Amino acid sequence: MKQLFISLFLSATIYCGLAGQKLPLSYYLPEINYQSDIPTPEAFFGFQIGDWHLSHDQLLSYLKHISSLSARAKWVEHGRTYEGRPLVHLVITSEQNNKNLEALRLKHVSNTNPDLSAKLDLEEVPLVFYLGNSIHGNEASGFNAGPLVAYYMLAGKSQSIDKFLDKCILIFDPSLNPDGAQRFSTWANMHKNSNLTSDNQDREYSESWPGGRSNHYWFDLNRDWLSMAHPESRGRISIFHHWKPNVLTDHHEMGTNATFFFMPGVPSRVNPNTPKKNQQLTAKIAQYHVKALDKIGSLYYSEEGYDDFYYGKGSTFPDANGCVGILFEQASSRGHLQQSENGLLTFPFTIRNQVTTALSSLEAASDLRIELLEHQRAFFQDARKEAALDNRKAIVFGDKYDPARVNHFIEILRRQQIKVHHLAKPLMVEGKSFEPSSSFVIPMEQDQYKLILGAFQVLNQFEDSIFYDISTWTLPHAFNLSYQYIPKLSFEKGILGKEVTGLTPDAEPIAAAAKSGYAYLMEWDNYYAPKALYHIQKAGIRTKVFREGMTLGDKNYQPGTIMIPVQGQDLTPDQIHAVISEASKKSNVVIVPVSTGYTAKGIDLGSNGLVTLEIPKVAIIVGEGTTSSTVGEAWHLLDHRYGMVVSKIEANRISRSDLSKYTVIVLGGGSYQALGNGGAQQIKEFVQGGGTLIGIQNAINWLKSQNLVSVSFREVPDVDKKRRPYGAMTDDLFSLEIPGTIFEADLDISHPLGFGYRNNKIPVFRDGDLLLEPSKNVYATPLIYTSSPLLSGYLPRKFNGKMGGTAGIIVGSSGAGKIIMMADNPNFREHWFGTNKLFANAIFFPKAINNMGTEPAPRAGNE
Ligand SMILES: [Zn+2]
């Protein structure tokens, strides 16, 4: 492909930095011959790429059109976003290969199966390349480079293209985040001036909250490759495992004043599970980018800033799968043109760098095909050998009381092609017992051994103390599941029951509750119990909650059990039964009819000890000054998982809003400056009038600043006050923060916020360093960090011995209302299923918390 860049160099000198200049195709693409029956992007759109930001619809219409004209491409829809946009990829290879695609795919995939791969002639095996653009929707250069790359691959006539198409298959994923991209393109186009301005203060360059980075629920999809909470990720991972690519490129943007980054990242920050060969191949491929970017005169850097540590990211996840993941980061023009420290940064220039490195990556993969295939083959062969030598033969996990949480966990494993079996007989490992009816086993000796290690990884030693993202993600902790490795000595094949073949275990559907003329009971353990409760409440049915345990017949019920009386309701017994059946069916939660109010032990059903619940009417404060990811997580949980109606109110409109419509207001995180005095006053009145405020993480700072809560922060002084080299400053500063670490906390399961939990030790995720002293009221700290709480991840030295005994949750009050402070985000990245119930409890049960058990606001707050 060398000759391709000669003319490119000439056009670079002419066009680079000329804003508003009409650009020829040769600015972007090599001047080779192209098939005339396939339209260029410019011919199709009526403007050149880079003149406008393509919408997702435009992008797809072009790709659909050219793929219908070319025998080199197949158009495949692999999912839909929340907003109903198609998730699409093109399979691009030679016409001949496309006729024989499934056979080639099977041959390729057999390279990941050690039983078959040893006999494969790699000359015959196609390499698979996955190219993914703009998972962050407002990082538009990759997205807009897509039509050019596709045009080049479908219409281009050259030896190097033929060489690639003959031996390789390109999975071309033009938009990893369609909803975000659509949002951003609208913003950038609607603010474009006819006479471009490079003034970064122009509205074009300051996207309104929440921006186009995230998906519909404001989630950062580039943190979701392992746990797949969203449809975009599930679709993407299904293609990934269907094709088992050898190289995956992940095209992003960074700050306007930067240049261009390509991997390898920081050498000391590679996940310890990633084989050395992976980084060697990354470095070899990098030499192709070096050559290509040198030729067009673009500045770049490598081996600093970004890392290959967290398997939830697009450029690192492939590394745990025998693939080589490569991150590209282009300085962003955000809109069409910006002044930067490196001169005028035009949108076309950013697109050209993406096109150039996409092509250099394709050329590298084509040249290094055999070596990349050998790496993939060795990766899975080595995994099998290492698994055989591993003293841990299996992992057993389960939860007796909550099949929903277990099923969600199994679903992740299954989507990652990890084999899971039912447990065949009762098992006791290291003092923990597991029952066949509720437990499962993952045998270690399987093809996805390395990914199992990655997903279950407990990290406590680090070569480096700086993390681009979080320092740990141990999945069973996120799900609060009891789990244990089974060592060789206690392992026998007989414990492996039937293999789970679907995404979740086959289970009998929940039997519909028989009709009761007296009452129904629902335990609170199930992950979806809040969904069922809300469904019942929405029908106008009165519900109550047991604050203590009781025994009815021969069954023990825990605190948090919901009681639905039949008498005294607006609905008839038949109507109530219909609602109960529907709630149970929709949420897959058991609800049982009872015919007596008399309990064998504990309070009876008619006791004053039960608290009458009210349907939660929830408002989430969003907009400028709030953290879109954390408020989005709360929104997703309530709206998408629990099926609740929630309102999202702009912070700057609170002062003019009628808050009496709500029972609960969620401050999911942020500075809340935009509330102003008027908004703050409204919120104070809301609480004092009996409303519930939930403040998460740094929202607690705002609550304190408003005198709404009495809480003191534990100060953690820096360890070293000695003179340090100036050059060490950046590293020193980074290593002062808790970068995303898992701790153990003690939960008071007799407290309404602890309802639905059976074990008082739970893992919590911490990504900030707000240390709260426990409340002076001894009943008001339902969640507290244990004395040496570190479970997994990095803990900066200055926090050693400081975390233990700090509060995870404190319940405050002001007037007639409650203020629930959560030091950690219970909805972290929407796969912390284990702590979601804490948040649900704060929404559903504030009335069950006696005011005597709260820490009142300082007096000044009541004035
Ligand atoms: Zn990005």
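In which loop does Pro 210 lie? In this predicted model, Pro 210 belongs to the loop between helix 10 (178–190) and helix 11 (231–243), and the legends below begin with the whole chain before returning to that loop.

**Figure 1. Overview of the predicted chain, with its 24 helices and 35 strands.** The radius of gyration of the chain is 29 Å, close to the 29 Å that the globule rule gives for 863 residues, so the chain is as compact as a globular protein of that length. Taken along the principal axes, the box filled by the C-alpha atoms is roughly 85 × 65 × 65 Å. Of the 863 residues, 62% count as buried.

**Figure 2. Close-up of the zinc ion and the side chains that coordinate it.** The ion is held by ND1 of His 136, by two OE contacts from Glu 139 and by ND1 of His 252, at 2.0 to 2.6 Å. Along the chain, these donors follow the spacing H-x2-E-x112-H. The angles among the 4 donor atoms run from 54 to 154 degrees, and the site is irregular; it does not count as tetrahedral because that class requires all angles to lie between 85 and 135 degrees. Two of the coordinating residues can also be described by their accessibility: His 136 has a relative accessible area of 2% and Glu 139 one of 4%, so both count as buried under the 20% limit.

**Figure 3. Close-up of the largest pocket, which has a volume of about 950 Å³.** The lining of this pocket is made up of 36 residues, and those closest to its centre are Pro 403, Ala 404, Ile 510, Asn 526 and Asn 588. At least two lining residues come from each of helix 15 (403–415), strand 19 (519–522), strand 22 (555–557) and helix 19 (573–587). Helix 15 gives the most, with 5 residues. By class, the lining of the largest pocket divides into 16 nonpolar, 10 polar and 10 charged residues.

**Figure 4. Close-up of the largest cavity, in which about 80 Å³ of space lies.** The count for the model comes to 8 cavities of 30 Å³ or more. The residues that line the largest cavity include Val 764, Phe 765, Leu 783, Gly 808, Ile 809, Met 822, Asp 824 and Trp 832. Two or more residues of this lining are given by each of strand 31 (761–766), strand 33 (807–814) and helix 24 (833–844). The lining of the largest cavity comprises 8 nonpolar, 3 polar and 1 charged residues.

**Figure 5. Close-up of the loop between helix 10 and helix 11, with Pro 210 and Trp 218.** The peptide bond that leads from Trp 209 to Pro 210 is cis, and its omega is near 0 degrees. Trp 218, which lies in the loop between helix 10 and helix 11, has a phi near 65 degrees, a positive value in a residue other than glycine. The relative accessibility of Trp 218 is 10%, so Trp 218 counts as buried.

**Figure 6. Close-up of two further loops, containing Pro 264 and Arg 334.** Met 263 and Pro 264 are joined by a cis peptide bond, for which omega is about 15 degrees. Pro 264 is found in the loop between strand 8 (260–262) and helix 12 (276–296). Arg 334, although not a glycine, has a positive phi of about 55 degrees, and its place is in the loop between strand 9 (324–331) and strand 10 (337–340).

**Figure 7. Close-up of two buried leucines, Leu 170 and Leu 771.** Leu 170 is placed in strand 6 (residues 168–173), and its relative accessible area is 0%. Between Leu 170 and Ile 92 there are 4.9 Å in space, C-alpha to C-alpha, although the two are 78 residues apart in sequence. Leu 771 lies in the loop between strand 31 and strand 32 (783–792), where it counts as buried at 1% relative accessibility. The C-alpha atoms of Leu 771 and Thr 282 are separated by 40 Å, with the two residues 489 residues apart along the chain.

Notes: Residues numbered from 1 in each chain as written. Predicted model: local features only at pLDDT ≥ 70, side-chain atom pairs only at ≥ 80, totals over all residues. Heavy atoms only, no water. Donors = N, O, S within 2.8 Å, 3.2 Å for Na, K, Ca; no water. Tetrahedral: all angles 85-135°; square planar, octahedral: opposite > 155°, others 65-115°. Buried < 20%, exposed > 50% of the residue type's maximum accessible area, 1.4 Å probe, protein only. 1 Å grid on protein atoms, 1.4 Å probe; cavity = no way out; pocket = protein on both sides within 12 Å on 5 of 7 lines; lining within 4 Å. Points joined across faces, edges and corners; volume = space filled by probe spheres on them. Helix = DSSP H or I, 4+ residues; strand = E, 2+ residues; numbered from the N terminus. Nonpolar A, V, L, I, M, F, W, Y, C, P; charged D, E, K, R; others polar. Rg over C-alpha atoms; globule rule 2.2 N^0.38 Å.
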